[in-house]
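Open the model in your viewer and keep the selection tool ready. This tour goes from the whole chain to single residues.

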Amino acid sequence: MKKDSACKMQNTQRRSVLKLGVASSLAVSGLLTGCGGSSETKADTAVTNKMISSFALAVLPDTQFYSRYATSAESNQYERHYGNEPFSAQTNWVARNAQSLNIPFLIHLGDVVDQVGKPEQWKVADSAMQVLEVAKIPYSILAGNHDVLNDIDFDTDTTKGTDTQRVLTNEPYLQWFSTKRAQRQATFGARDSTGFHEYHIFTAQDQQFLVLSLSWRISDAGIVWARKVLADHPTLPVILVNHQLLNIAADAVSPLETGYGKMLWEKLIRDNDQIFMTLNGHHHGGARLTKINDFGNAVEEMVVDYQMAYQGGNGLMRLYEFDLTNNQIKVLSFSPWVPMKPTVTLNTFDRAVLTESNHNFTININFAKRFARFNTTFNAGKAIVTSSLVDQAKALVLKGYTEQAVVEQVLPKDTEDYPKVASTVAHWRFYGGVDGAAIAPGTRIADVTGANPLTRDQLNQGGIVGADAGDIVWSNDHHRLSSAPGSASFLNTDKNAPRLSYFLTDANAVINRQTFASSGYTIEAFIKIDPAWVKAKHAWMNIMTRDGKRGDLAGFNGGDPESPPLLFAISSLREVQWEVVPDITGQRDALASWSGEIIAGNWVHIAIVNDPTTHDTIMYVEGAPVLRNSSNVVGLATLSASSPWVVGGGSWDGARADGFFGKIGELRVTAAALTSNQWLTSRRS
């Protein structure tokens, strides 16, 4: 066939493809190869002029809960509720779309599993990552803190817990994701002597990039190895990947530097101009920071981790587009799993594409100029892509799917604008005092039902030291959906003293003897963790407890027998903990539900709902059900009919401990499993 005839045929094919709107820009560009421009129409020329040189990297943040809750040990929660699993949904999406979206490589940010010693979780991860291997899509992977046997944070001890201090033959990560397995990747360069750190070199748009992937707690020897990798490849732009580097401030948007990140900056990043961007997970949410290295060039640091979001992350991942023509890095945060869920399961927390500025953004970077010091030949390469890859990806994700409508919540009109339910056992509302004035010891807080008032206990009881009348004050601050226009502010709490103040029900209060075994229950609370919260002083602080030691309950055979039988608390990771001993005969242990991380300084509404038939307990935070819940929890055990409920404090081994630090608005206990339209966040009929 003559060239002219072939080109005429190709132009006809090309116009057909464009008419049909086929998404694969690479297929279009293939039809142009070898043909001159003389036969193009003006419309064709306009399309060709828009072609760009661009590629995209897929990034998987912490997958730990996807691995955990897809196991039989956790009742196969994803498969049971949705018929599919988020981890495999992510890797299958990449495998299906890698060619059309020009994705040459995928990066995993670590915390592959949640519990390092559970082989079933590794099997889930193994299966999901095999999808990429079968599709021949290379990837880097690293061990997060949940993937190693001895998890010691850098800020806890800078000298212990590093890669060289591990017994390598015992490490599950090295067994499931071995050097031999990594060597199958076409991009694989090498691993260090421990097997925890690796580098890859991938080619995109006629240019090479190096990905340096460093596992949890790199040693000085590991850094020496990493520096040698850079020295051995002096012309390559480098993406540095860690599990931890950058953190996120309490506002959930601003970047916050970590001690570990600062160490990496000083020992590895600042004097290596090749490192132009860093990626890490570990810290929940998303943020970015631009730092200037020793050569006056920008280093873009980015953290992303969705594990504490709805459903353990809801399948959210990222696509980083490198638009070499327009000198931009475009970032899309999206979930390929959400559109796969059955329609009946969807709610307002199911978002296929995030639009917030810390999850969807563009970084302007003149690639050739940024790399000029070490790579004078870097260029944009061939323009083979018709339009932005993140725009194409977004269209693919949303094809046939409509984002859930956001339900506008109605603010209360007055102090009585909430649903009143006949099953209410106790309802405490903290308002009526002068803002900032002390709620003096002995002050009574009325129960709406009249049956179970609270009293602020006298100071320094039960081993407490240094408590003052001003440690609980009235506040006008409250959750926007609470009709009670105030709260109690708990100040100066320090678990190490211990210093705390709290409220108690009377010894003869009706609620003390109630166990809710046949009725089920709903516990609601509006809380706000103080922005000055720190783990050392405030970890495991209590919102509400029932007095006594659970080890004294008949048949109790679980851990922490010194703890109360009911714990409504905030963990060392600022998770909401609901842990209770059921009201049953025979052997029994405490059962728990856990939220994701609660951002300090933000009001949240918590509802804990126990079904009287199934005895499943589900925790909701701001209306969203959390992932980690418990089943077969029959009622709430009590030590005696005179054991009081405690608000703002708890106990350990019979002594007062772990006081709340922050604000508590309303608290309500009902003897029924309420639906959301009956919660305190709703309005009266």
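Start with charge. Select the charged side chains of this predicted model: 61 are positive and 68 are negative. The centres of the two sets lie 7 Å apart.

**The whole protein**

Now show the full C-alpha trace. Along its principal axes, the trace spans about 100 × 55 × 50 Å. The radius of gyration is 28 Å, which agrees with the value near 26 Å for a compact globule of 685 residues.

Switch to cartoon. There are 14 helices and 33 strands. Next, draw the contacts with a separation of 6 or more. Residues 24 or more positions apart account for 72% of them.

Turn on the surface. The accessible area comes to about 26500 Å². Carbon and sulfur atoms hold 51% of that area. Of the 685 residues, 57% count as buried.

**Stop 1: D547**

Select D547. It sits in the loop between β23 (541–546) and β24 (566–570). Is D547 buried or exposed? Its relative accessibility is 13%, so D547 counts as buried, the cut-off being under 20%.

Show side chains here. Which side chain makes a polar contact with that of D547? The partner is R656, at 2.7 Å. R656 is also on the contact list of D547, which leaves aside neighbours within four places in sequence. The other entries are L504, P565, L639, S643, P644, V646 and S651.

**Stop 2: S487**

Move to S487, in strand β20. Its relative accessible area is 0%, so S487 is buried.

Add K663 to the selection. S487 and K663 are 176 residues apart in sequence. Their C-alpha atoms are 6.1 Å apart in space.

Then expand to the residues in contact with S487, leaving out neighbours within four places in sequence. K663, I664 and G665 are among them. So are F430, V473, W474, S475, D477 and W603.

**Stop 3: the peptide bond at P498**

Follow the chain onward from β20 (487–490) into the loop that leads to β21 (503–505); P498 is found there. Look at the bond joining A497 and P498. What kind of peptide bond is it? It is cis, with omega about -5 degrees.

**Stop 4: two positive phi angles**

Select N76, in the loop between α4 (64–68) and α5 (77–82). N76 is not a glycine, yet its phi is positive, about 45 degrees. The relative accessible area of N76 is 30%, so this residue is partly exposed.

Now jump to A252. This residue lies in the loop between β8 (246–248) and β9 (255–257). What is the phi of A252? It is positive, about 70 degrees, although A252 is not a glycine. At 28% relative accessibility, A252 counts as partly exposed.

**Stop 5: S100**

Go to the loop between α6 (86–97) and β2 (105–108) and select S100. S100 has a relative accessible area of 17% and is therefore buried.

Which backbone oxygen should you label? Pick that of N97: it lies 3.3 Å from a polar atom of the S100 side chain.

**Stop 6: Y310**

Select Y310, in the loop between β12 (298–305) and β13 (317–323). With a relative accessible area of 11%, Y310 is buried.

Add F349. Y310 and F349 are 39 residues apart in sequence. From C-alpha to C-alpha, they are 6.7 Å apart.

What does Y310 touch, not counting residues up to four places away in sequence? The list includes Y82, K341, N347, F349 and D350. A624 and P625 are on it as well.

**Stop 7: I365**

Finish at I365, in the loop between β15 (361–364) and α12 (367–371). I365 counts as buried, because its relative accessibility is 11%.

Select E300 too. I365 and E300 are 65 residues apart in sequence, with 9.7 Å between their C-alpha atoms.

Last, show what I365 touches, again not counting residues up to four places away in sequence. F276, N327, Q328, I329 and R370 should light up.

Methods. Residues are numbered from 1 along each chain as its sequence is written. This is a predicted model: local features need pLDDT of at least 70, side-chain atom pairs count only at pLDDT 80 or more; totals for chains, interfaces and linings use all residues. Side-chain values use heavy atoms; hydrogens and water are left out. Helices (H or I, at least four residues) and strands (E, at least two) are DSSP runs, numbered from the N terminus. The radius of gyration is taken over C-alpha atoms; the globule rule is 2.2 Å times the number of residues to the power 0.38. Buried means under 20% relative accessible area, exposed over 50%, partly exposed in between (1.4 Å probe, protein chains only). Contact means heavy atoms within 4.5 Å. Accessible areas come from the Shrake-Rupley method with a 1.4 Å probe; for residues, only the protein chains shown count as cover. Lys and Arg count as positive and Asp and Glu as negative; His and the chain ends are not counted. The place of a charge is taken as NZ of Lys, CZ of Arg, CG of Asp or CD of Glu. A polar contact is a pair of N or O atoms within 3.5 Å; within protein, one must be able to donate a hydrogen and the other to accept it, and residues adjacent in sequence count only if both atoms are side-chain atoms.
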